[in-house]
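Trainee: Please take me closely through the secondary structure and the way its elements are arranged and packed.

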Amino acid sequence: MRMTRSQRTLGAAVTREGRGLHTGEPMKITLRPGEQDGGLLLRRVDLDGEPTLAATVENVVGVEWETVIADGEVAVRTVEHVLAALAAARIDNAALDLDGPEPPALDGSAEPWCQVIQEAGVVEQEARARVLEVDQPFTLTVEESRYTVTPYPRYRVSCEIDFESPVIGRQFASFEIDEAGFRTEIAPARTFGLESWREPLHARGLALGASPENTIVVTDEGLAAGIELRFPDEFVRHKVVDVVGDLALVGARLHAHVVAERPGHRGNIEVARRLKSLLDPDEGPFLDIQGILDYLPHRYPLLLIDRILEFDQGKRIVGLKNVTINEPFFTGHFPGHPIMPGVLIVEAMAQVGGLLLMNEFEDPTSKVVYFMSMDDVKFRRPVVPGDQIIFELEMLQFRGRVCKMRGVGRVDGHTVAEAGMMAQVVDR
């Protein structure tokens, strides 16, 4: 990561009103100038105290059909379209005041938000902007989505989709993400859905505000009556909007080429998490191996984590385990077909979970975590040499010295193991 160019914010406040795509309720949003180094903030002005959420990947709690940001009971959903416009315009700092849980859908694209930015104007600030330059390629596979991120001197997104619907089919598009090109070639592309999705989504309380005014509806026969495409490949262009919007949650301008095959919000957010872990390499991980040794009593051959990447006290922790052929358990599990034992995957997950408690006591080095029970343990796929397991654990309950957690381990975005855990902290 390097610091280049000045940060930017909006020049004035601009308001828009309309119905939410998923809630179907009337919504109003005002985009305001933000303080330098403040980032993108979401403020719920309809709630007591007007609570504010940082639009960062750490606060993402939902990725089904939309991107949802929350902290406790305070949530803002369907943020990807407005964030895409802000990212393309290189707006680093802004406050988004909402009188409900989601921005208005407007016409279902990012183009109205580009109009808002043009109307507000852009102001340069004194602080230097954060720019993340990817210097090593990586790939991620998340369910049916596959991503390849490679070094690139600017920001480019290439996208491929493949739907069984003959109206959509297989489409590919590739664009430089800059302000002018985004507004004319990408932003006008609207969200879309198959008519067959309507009732299942409504049953889940989703897409209640979707209509021909804000959604391209695809039927078995073709496009719904009255709908005309803005581009022949409008569907894949809208997927580019979603990728740009979700990756805005990294919190930096990107210099990278992101190739997304069958992208979805879940995969986009996993890429954002990986990029965020690269954002400040000079600062290192939250805990490196020496820090882990200070807190955990485990030693070779049963110290099974290498670093802690993220830590949100009392809420969430993310840790990493590099799996190499030199692991002693591969000698016997199994000769000629090395697979990491499931019990050790869960043990590694538990070690990460134990570190989630490290700041809950005045002298954590004098404590040790005993795991009392595990439930709903599932192994989804084997872990083999060369894999890197990312463990994410969430605190569900903490009373006295007993806590409940839920953990998941992923390799390249695929879930390999998950479990519920109960642990007790005792004196060493």
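Mentor: Three strands make an open sheet in the order S6-S7-S8, with antiparallel pairing (strands are DSSP runs of E of at least two residues, helices runs of H or I of at least four, both numbered from the N terminus; two strands pair if DSSP finds at least two bridges between them). This is a predicted model, in which local features need pLDDT of at least 70 and side-chain atom pairs count only at pLDDT 80 or more, while totals for chains, interfaces and linings use all residues. Residues are numbered from 1 along each chain as its sequence is written, and side-chain values use heavy atoms, with hydrogens and water left out.

Strands S6 (60–62) and S8 (74–77) form the edges of this sheet, each pairing on one side only. From one strand to the next, the twist averages 35° (axes are lines fitted to C-alpha atoms, for helices over the stretch in contact, and angles run from 0 to 180 degrees between N-to-C directions). Strand S7 (residues 68–71) is joined to S8 by four bridges, and Asp-71 has Val-74 of S8 as its bridge partner.

A second arrangement is an open sheet of five strands with mixed pairing, ordered S2-S3-S9-S4-S5. Its edges are S2 (14–19) and S5 (52–54); each has a single partner strand, so one side of each lacks a neighbour in the sheet. Direction ignored, neighbouring strands here are turned by 20° against each other on average. S2 runs antiparallel to S3 (residues 26–33), joined by six bridges, and Arg-16 has Ile-29 in S3 as its bridge partner. Helix H2 (residues 111–120) packs on this sheet and touches S2 and S3, its direction making about 160° with that of S2 (contact means heavy atoms within 4.5 Å).

Helices also pack on each other. H5 (residues 234–247) and H6 (residues 265–278) meet at an angle of about 40°, their axes 9 Å apart. On the H5 side the contact is made by Asp-242, Val-243, Asp-246 and Leu-247, and the H6 residues include Ile-269, Ala-272 and Leu-275.

Leu-275 recurs in the nonpolar core: the largest one has 76 residues, with Phe-182 and Leu-275 making the most contacts inside it (a core is a set of buried Ala, Val, Leu, Ile, Met, Phe, Trp, Tyr and Cys residues joined through side-chain atoms within 4.5 Å; buried means under 20% relative accessible area with a 1.4 Å probe, protein chains only). H5 gives the largest share of this core, seven residues. Beyond its neighbours within four places in sequence, Phe-182 contacts residues including Cys-114, Val-241 and Val-244. Another core, of 38 residues, lies apart from it, and among its members are Ile-308 and Met-340.

Notes
Buried < 20%, exposed > 50% of the residue type's maximum accessible area, 1.4 Å probe, protein only.
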